[in-house]
Amino acid sequence: MSVEVLDSATIVNFIEDEEAFDVSIHDRFVCLDADHDGLLSYVELLKELQSLRVLETHFGVDVETDPEEVARVYETLFVQFDHDSNGVVDLEEFKSETKRMMVAMANGMGFLPVQMVLEEGSLLKVAVERESTKLAA
Ligand SMILES: [Ca+2]
Ligand SMILES: [Ca+2]
């Protein structure tokens, strides 16, 4: 875990570089797929939903959340990922929904950079690392 400053441009640049985004999505998918069956179950995807921190933070400020409420929202999110409702999320579903969520996140940020606690290996962390490598080059 580390605290990083993230802005919408970092996320948008990451998504728009399709080749790099595909590779990162694939790596993340393989890493989440604990039983290596090529599909993400609810429990496997939960790890990713938690790392996106869609609930715990509101513009970088931690807010109190009710665990039952959190569980309900995660279930709703899983259903959103599972486009064909077969109970598991495949790579295509994971990719398109992650992309959609990241675009929504970028839009929600506007132009103000946001401080976030990011997990090692999470897609947002990869986006930040990519951006700083680019700046350093
Ligand atoms: Ca699996
Ligand atoms: Ca599915």
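A residue is called buried here if 20 or more other C-beta atoms lie within 10 Å of its own, exposed if 12 or fewer do, and partly exposed in between, with C-beta atoms placed from the backbone. With that in hand, let's walk through the protein.

This is a predicted model, where local features need pLDDT of at least 70 and side-chain atom pairs count only at pLDDT 80 or more, while totals for chains, interfaces and linings use all residues. Residues are numbered from 1 along each chain as its sequence is written, and chains are lettered from A and ligands numbered from 1 in the order in which they are written.

## The overall picture

The protein has six helices and four strands. Helices (H or I, at least four residues) and strands (E, at least two) are DSSP runs, numbered from the N terminus. If you follow the sequence, you meet them in the order β-α-α-α-β-β-α-α-β-α. There are 137 residues, and 22% of them count as buried.

Two residues are in contact if their C-beta atoms, placed from the backbone, lie within 7 Å. Take the contacts between residues at least 6 apart in sequence: 71% of those join residues at least 24 apart.

A couple of pairs show what that looks like. Met116 sits in strand β4, and it counts as buried because it has 21 C-beta neighbours inside 10 Å. Met116 and Leu6 are 110 residues apart in sequence, yet their C-alpha atoms are 7.1 Å apart in space. Lys95, in helix α5, is partly exposed, with 18 C-beta neighbours inside 10 Å. Its C-alpha atom is separated by 6.3 Å from that of Ile25, 70 residues away along the chain.

## Two helices by the numbers

The expected span of a helix is 1.5 Å times one less than its number of residues. Here is how α5 and α6 do against that yardstick.

| Helix | Residues | First to last C-alpha | Expected span |
|---|---|---|---|
| α5 | 19 residues | 27 Å | 27 Å |
| α6 | 14 residues | 20 Å | 20 Å |

## Helix α5 and its two sides

Which residues of α5 are buried? They are Phe94, Thr98, Met102 and Ala106. These four cover an arc of only 90° around the axis, so they sit on the same side of α5; the arc is that of the directions from the helix axis to the C-beta atoms. Over on the other side of α5, Glu92, Ala104, Asn107 and Gly108 are exposed. The buried residues pack against α1, α2, α4 and α6. After the helix comes Gly110, with a positive phi near 65°.

## Where α1 meets α6

In α1, the residues Thr10, Ile11 and Phe14 are buried. Seen down the axis of α1, they fall within an arc of 95°, so they line one face of the helix. Their cover includes β1, α2, α5 and α6.

Helix α6 has its own buried residues: Leu123, Leu124, Val126, Ala127 and Val128. What covers them includes β1 (2-6), α1 (8-16), α2, α5 and β4 (114-118).

So how do α1 and α6 sit against each other? Their axes are 9 Å apart and the packing angle is about 95°, and the two helices are therefore roughly perpendicular. For these numbers, axes are lines fitted to C-alpha atoms, for helices over the stretch in contact, and angles run from 0 to 180 degrees between N-to-C directions. Angles under 35 degrees count as roughly parallel, over 145 as roughly antiparallel, 65 to 115 as roughly perpendicular and the rest as oblique. At the meeting place, Thr10, Ile11, Asn13 and Phe14 of α1 touch Ala127, Val128, Arg130 and Glu131 of α6.

## Two loop residues with positive phi

Most residues other than glycine have a negative phi. His36 goes the other way, with a positive phi near 50°. It lies in the loop between α2 (18-32) and α3 (42-52), and it is exposed because just 7 other C-beta atoms are within 10 Å. Ser85 is not a glycine either, and its phi is positive at about 50°. You'll find Ser85 in the loop between α4 (67-81) and α5 (91-109), where it counts as exposed, with 7 C-beta neighbours inside 10 Å.

## What the record says

UniProt, in an unreviewed entry, lists residues 69-104 as "domain: EF-hand". UniProt positions are given in the numbering used here, feature names are shortened, and annotations may be inferred rather than shown by experiment. In the model, that span is 75% helix and 0% strand, and its end C-alpha atoms lie 21 Å apart.
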